[in-house]
Amino acid sequence: MSKLKIAVQKSGRLNEDSMKILKDIGISIDNGKDQLKASAKNFPLEVFYLRNGDIPQYLKDGVVDAAIIGENVLIEKGNHISVVEKLGFSSCKVSIAVPKSAKYNGIKDLEGKRIATSYPNTVNQFLEKNNVKANLHIINGSVEIAPNIGLADAIVDIVSSGSTLFKNGLKEVEVLLKSEAVLAVSPLISSENQQTLNKLQFRLQSVLRGRQSKYVLLNAPNDKLETIINILPGMNSPTILPLAKEGWSSLHSVINKNEFWEVIDELKQNGAEGILVCPIENMVL
Ligand SMILES: Nc1ncnc2c1ncn2[C@@H]1O[C@H](COP(=O)(O)OP(=O)(O)OP(=O)(O)O)[C@@H](O)[C@H]1O
Ligand SMILES: O=P(O)(O)OC[C@H]1O[C@H](OP(=O)(O)OP(=O)(O)O)[C@H](O)[C@@H]1O
Ligand SMILES: [Mg+2]
């Protein structure tokens, strides 16, 4: 049987979460140290450990069938490569930043300026769209230092918490794109491997849904149940079970993990007790 070839970052920010999500979908990988390729024991899958920046070309050439990669890198180097799933980790932006003291009133202020970046295609596209001409300095790392050493007037690089910008005395002035880790697929994938990819994607979706949700259990007096159901966001058709205690019930439901904390005080004020919030491993629809 043919094996699906999937690329993940060899080392760096995406590696750990990429391996974790494969593990969470039940794929067990023989991960010998320093191996560049490993096979899954229980799924027709081979993992290739590669440099992030090299992955778009491997996808284009069909050397690998799929990859877990930052969307920002695909946008920079991977035109025509489709994203089939957003994976919810390694969120960041690609932004323009200038020295804190610099006056910036809009994109036109970049006309004729020197911009340091590792994302030349992304920057050129943005400049063209806005009819601005600037001089690009392409550097591979530590881009944020460029204005301080007199190499550039502005930079375009990844921003997450903003602390690297802050430490280098820079301010973010434009967001070019937002990115997260994604599952991308080669245009040359065979139909047999596409079937395997579909199975992998189905598992990913159920794990991602689970990560987004919490299982909530609470006890409440029966006369308060209706109010409580109305307080909990997006709760349709919760399970209600009678408690041994006369006139009380236990209510179970699944809610979006971001919504629960907003309503917790209101739930307590309205009679909810013994509230349990549990993680969900998988949510198969
Ligand atoms: N500070 C950050 N916060 C969140 N995500 C980030 C951050 N920096 C980078 N990323 C995301 O993680 C990806 C990998 O970043 P990382 O710095 O590990 O690799 P790299 O040095 O760009 O690439 P290579 O694997 O070629 O060495 C980036 O392409 C981006 O999608
Ligand atoms: O907004 P922040 O949270 O500070 O994150 C942004 C920084 O993170 C990345 O660098 P990384 O630490 O990956 O170093 P690198 O340049 O060696 O890749 C990126 O290139 C920025 O410099
Ligand atoms: Mg980096």
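This passage describes the sheet, the helices packed on it and the domains of a predicted model. Residues are numbered from 1 along each chain as its sequence is written, while chains are lettered from A and ligands numbered from 1 in the order in which they are written. In this predicted model, local features need pLDDT of at least 70 and side-chain atom pairs count only at pLDDT 80 or more, whereas totals for chains, interfaces and linings use all residues.

A good place to start is the open sheet, whose six strands follow the order β2-β3-β1-β4-β11-β5 with mixed pairing. Helices (H or I, at least four residues) and strands (E, at least two) are DSSP runs, numbered from the N terminus, and two strands pair if DSSP finds at least two bridges between them. The edges are formed by β2 (37–39) and β5 (82–86), each pairing on one side only. Within the sheet, β1 (residues 4–9) runs parallel to β3 (residues 45–50), with six bridges between them; Q9 has L50 in β3 as its bridge partner.

Helix α1 (residues 15–24) packs on the sheet, touching β1, β4 (66–70) and β11 (181–185), with contact meaning C-beta atoms, placed from the backbone, within 7 Å. Helix α6 (residues 191–212) also packs on the sheet, where it touches β1, β4, β5 and β11.

Turning to the domains, whose bounds come from an automatic or database domain assignment, the chain is divided into domain 1 (4–89 + 180–189), domain 2 (92–179) and domain 3 (214–279). Six residues of domain 1 are in contact with eight of domain 2. On the domain 1 side, helix α3 (residues 71–77) gives the most, with four residues.

Methods: Two residues are in contact if their C-beta atoms, placed from the backbone, lie within 7 Å. Axes are lines fitted to C-alpha atoms, for helices over the stretch in contact, and angles run from 0 to 180 degrees between N-to-C directions.
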